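This report is meant for a reader who is meeting the structure for the first time. It takes up the order of the elements, then the pairing of strands, and after that the cores and the largest pocket.

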Amino acid sequence: RGAAPSKHRFVVLALDRATGRVVWERTAREEAPHESSHPQNGSWASASAVTNGEILIAPFESRGVYAYDMNGTLLWQSDLGDKRMRNQFGEGSTPTLFRNRLVLVWDHTAGSFVTVLDAKTGKEIWRQTRDEIDSWATPLVLERDGRAQVIVPGMNRVRSYDLETGE
């Protein structure tokens, strides 16, 4: 397993698509990760950033979730706690941004849950506990009969939650 460094910069970059030039760079957090990562991964930033063209969400999981506008201004940040991953294989659940809702899956060995945050403010809208262990799941939002649902795979089963209520 890859050993955790003494200090690590969790960085968000905006690149010019045509030239590859760095438009802006922000350090979201600078600290040592609490667990090591899988040796073949070598990164503590496995989850992918998501955007709707107005807000950029940078998920560093145990090191926080950060929302920026397209000019790199920090809008909000949220700390959902430390994930405890089996065998310290590292974190890597990518959230889903659907309209103004950010869906995060927090499956780990110490109290799993799925939560929905208001993408503009970071305020938690709902949270449901899950009987799961680490799954590295990315939620999928689908609409059926005008109702949005969050489909989340896990180690034990696939579940669907109402996007607005968490039911």
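Followed from the N terminus, the elements of the chain run β-β-β-β-β-β-β-β-β-β-β-β-β, and the count is accordingly 13 strands and zero helices. The model is a predicted one, and the description below should be read with that in mind. The chain has 167 residues, of which 46% are buried, and it exposes about 8800 Å², with carbon and sulfur atoms supplying 45% of that area. Among the contacts between residues at least 6 apart in sequence, 49% join residues at least 24 apart.

**Strand pairs**

Strands of a sheet pair through backbone hydrogen bonds, and the pairing can be parallel or antiparallel. Three antiparallel pairs of this chain are set out in the table, each with an example of two residues that face each other across the pair.

| Pair | Bridges | Example of partners |
|---|---|---|
| E1 (residues 8-15) and E2 (residues 22-31) | eight | alanine 14 and tryptophan 24 |
| E4 and E5 | five | isoleucine 55 and aspartate 69 |
| E11 (residues 140-144) and E12 (residues 147-152) | five | glutamate 143 and alanine 148 |

Strands E1 and E2 form a hairpin with six residues between them, and in its turn glycine 20 has a positive phi of about 80°. Strands E11 and E12 also form a hairpin, here with two residues between them, and aspartate 145 in that turn has a positive phi of about 55°.

The pair of E4 and E5 belongs to an open sheet of four strands, whose order is E3-E4-E5-E6 and whose pairing is antiparallel. At the edges of this sheet lie E3 and E6 (74-78), each of which pairs on one side only.

**Nonpolar cores**

Which residues of the largest nonpolar core touch the most other members? This core has 14 residues, and those that touch the most other members are Ile57, Val65, Trp76, Leu97, Leu102 and Leu104. Two or more residues of the core come from each of the strands E4 (55-59), E5 (65-69), E8 (101-106) and E9 (112-118). Of these, E8 gives the most, with three residues.

The surroundings of one member can be described in more detail. Once its neighbours within four places in sequence are left aside, leucine 97 is in contact with Val50, Thr51, Asn52, Ile55, Ile57, Leu102 and Ala119. Two residues in this list, Ile57 and Leu102, are also among the core members that touch the most others. A second core, separate from the largest one, has 13 residues, including Val116, Val141, Val150 and Val152.

**The largest pocket**

Rolling a probe the size of a water molecule over the atoms shows where empty space is left. In this model the largest pocket holds about 230 Å³ of space. It is lined by 16 residues, and those closest to its centre are Val12, Leu13, Ala49, Leu56 and Ala58. Strands E1, E3 (50-51) and E4 each supply at least two residues of the lining, and the largest share, four residues, comes from E1.

Strand E4 thus appears under several of these headings, as it pairs with E5 through five bridges, gives two or more residues to the largest nonpolar core and supplies at least two residues to the lining of the largest pocket.

Conventions
Residues are numbered from 1 along each chain as its sequence is written. This is a predicted model: local features need pLDDT of at least 70, side-chain atom pairs count only at pLDDT 80 or more; totals for chains, interfaces and linings use all residues. Side-chain values use heavy atoms; hydrogens and water are left out. Two strands pair if DSSP finds at least two bridges between them. Buried means under 20% relative accessible area, exposed over 50%, partly exposed in between (1.4 Å probe, protein chains only). Contact means heavy atoms within 4.5 Å. Accessible areas come from the Shrake-Rupley method with a 1.4 Å probe; for residues, only the protein chains shown count as cover. A nonpolar core is a set of buried Ala, Val, Leu, Ile, Met, Phe, Trp, Tyr and Cys residues joined through side-chain atoms within 4.5 Å. On a 1 Å grid over the protein atoms alone, a cavity is a set of points where a 1.4 Å probe fits but cannot get out, and a pocket is an open set with protein on both sides within 12 Å along at least five of seven lines; lining residues have an atom within 4 Å of a point. Grid points are joined across faces, edges and corners, and a volume is the space filled by probe spheres set on the points.
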